[in-house]
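Here is a small set of exercises to work through with the model open beside you. Try each task yourself before reading its solution.

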Amino acid sequence: MRRATAAFAVLILLAGVAGALAQGGSGKASSTEAALVERMKQTMAAWSTLDPAKAAPFYAKDPGLVFFDIAPAKYTGWAEYEAGTRAAFADFTSLAAVVSNPVAHVQDKSAWSTAEVLMTVTMKDGTKMPLPTRWTGIWEKRGNDWLIVHEHVSAPLPMPGHGEDAAPHKH
């Protein structure tokens, strides 16, 4: 009987700890998450300038970090990312990146974030191209700043036979 009572008490304690972690613990976590959501918006605003140097302060510069973008698929290290995006932007006159549904989850000095980003690119020939994307970031707290140490940007593909503007197929 004592074992069952002790086991039950341990389960209750673990459930309480798990619940506190799931809720972010104190109000401090939610304010940190709100600040990180704001940093996400600032990151996309920086990319909207078409100047990778403006986005640079949001990224860690370790040479082996991987950043997945729409094209090309992968950059290794900030230097490659900066050079690649600078070349890609050469054909653009503007880029508007609107963040929606941003969410950040903070755990100590690490965080992950997700958002949908509607990018609208205007090409030098005047063609406007809307590009709905999904954005996932892994962040680390370094000094006073949250920096992206891994990023994944992707564009959903239309379902076959549904056209570009069709909603995804539901089962």
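**Exercise 1. A short pairing**

In which sense do strand β1 and strand β6 pair, and over how many bridges?

*Solution.* Start with the ground rules. This is a predicted model, in which local features need pLDDT of at least 70 and side-chain atom pairs count only at pLDDT 80 or more, while totals for chains, interfaces and linings use all residues. Residues are numbered from 1 along each chain as its sequence is written, and side-chain values use heavy atoms, with hydrogens and water left out.

Next, find the two strands: β1 covers residues 66-68 and β6 covers residues 145-154. Strands here are DSSP runs of E with at least two residues, helices are runs of H or I with at least four, and both are numbered from the N terminus. Two strands pair if DSSP finds at least two bridges between them. β1 and β6 pair in the parallel sense, over 2 bridges. To see the register, look at Phe68, which stands opposite His152 in β6.

**Exercise 2. The whole sheet**

Work out the strand order of the sheet and say which strands lie at its edges.

*Solution.* First list the elements: the protein chain has 4 helices and 6 strands, running α-α-α-β-β-α-β-β-β-β from the N terminus. Then put the strands in spatial order. The 6 strands form an open sheet, β2-β1-β6-β5-β4-β3, with mixed pairing. The edge strands are β2 (74-76) and β3 (92-107), each of which pairs on one side only. On average, neighbouring strands are turned by 30 degrees against each other, direction ignored.

Now add the helix. Helix α4 (residues 78-89) packs on this sheet and touches β1, β2, β3 and β6; its direction makes about 135 degrees with that of β2. Such angles run from 0 to 180 degrees between N-to-C directions, with axes fitted to C-alpha atoms, for helices over the stretch in contact. Contact means heavy atoms within 4.5 Å.

**Exercise 3. Two hairpins**

How many residues lie between the strands in the hairpin of β4 and β5, and how many in that of β5 and β6?

*Solution.* Take β4 and β5 to begin with. Strand β5 (residues 128-142) runs antiparallel to β4, and 13 bridges join them. Met119 has Leu131 in β5 as its bridge partner. This hairpin has 4 residues between the strands, and Gly126 takes a positive phi near 95 degrees.

Move on to β5 and β6. These strands are also antiparallel, joined by 9 bridges, and Arg134 is partnered by Ser154 in β6. Their hairpin leaves 2 residues between the strands, with Gly143 in the turn at a positive phi of about 65 degrees.

**Exercise 4. A serine in β4**

Is Ser113 buried or exposed, and which side chain does its own side chain meet in a polar contact?

*Solution.* Locate Ser113 in strand β4 (residues 110-123). Buried means under 20% relative accessible area, exposed over 50% and partly exposed in between, with a 1.4 Å probe and protein chains only. Ser113 counts as buried because its relative accessibility is 1%. Its neighbours, leaving out residues up to four places away in sequence, are Met40, Val103, Ala104, Trp135, Thr136, Gly137 and Trp139. With the side chain of Trp139, the Ser113 side chain makes a polar contact at 2.8 Å. A polar contact is a pair of N or O atoms within 3.5 Å; within protein, one must be able to donate a hydrogen and the other to accept it, and residues adjacent in sequence count only if both atoms are side-chain atoms.

**Exercise 5. Backbone oddities in loops**

Find what is unusual in the backbone at Leu50, Asp108 and Pro72.

*Solution.* Leu50 is not a glycine, yet has a positive phi of about 65 degrees. The loop between α2 (27-47) and α3 (52-55) holds Leu50, which is buried at 18% relative accessible area.

Asp108, also not a glycine, has a positive phi of about 60 degrees. Asp108 sits in the loop between β3 and β4 and is exposed, at 67% relative accessibility.

Finally, Pro72 lies in the loop between β1 and β2. A cis peptide bond joins Ala71 and Pro72, with omega about -15 degrees.
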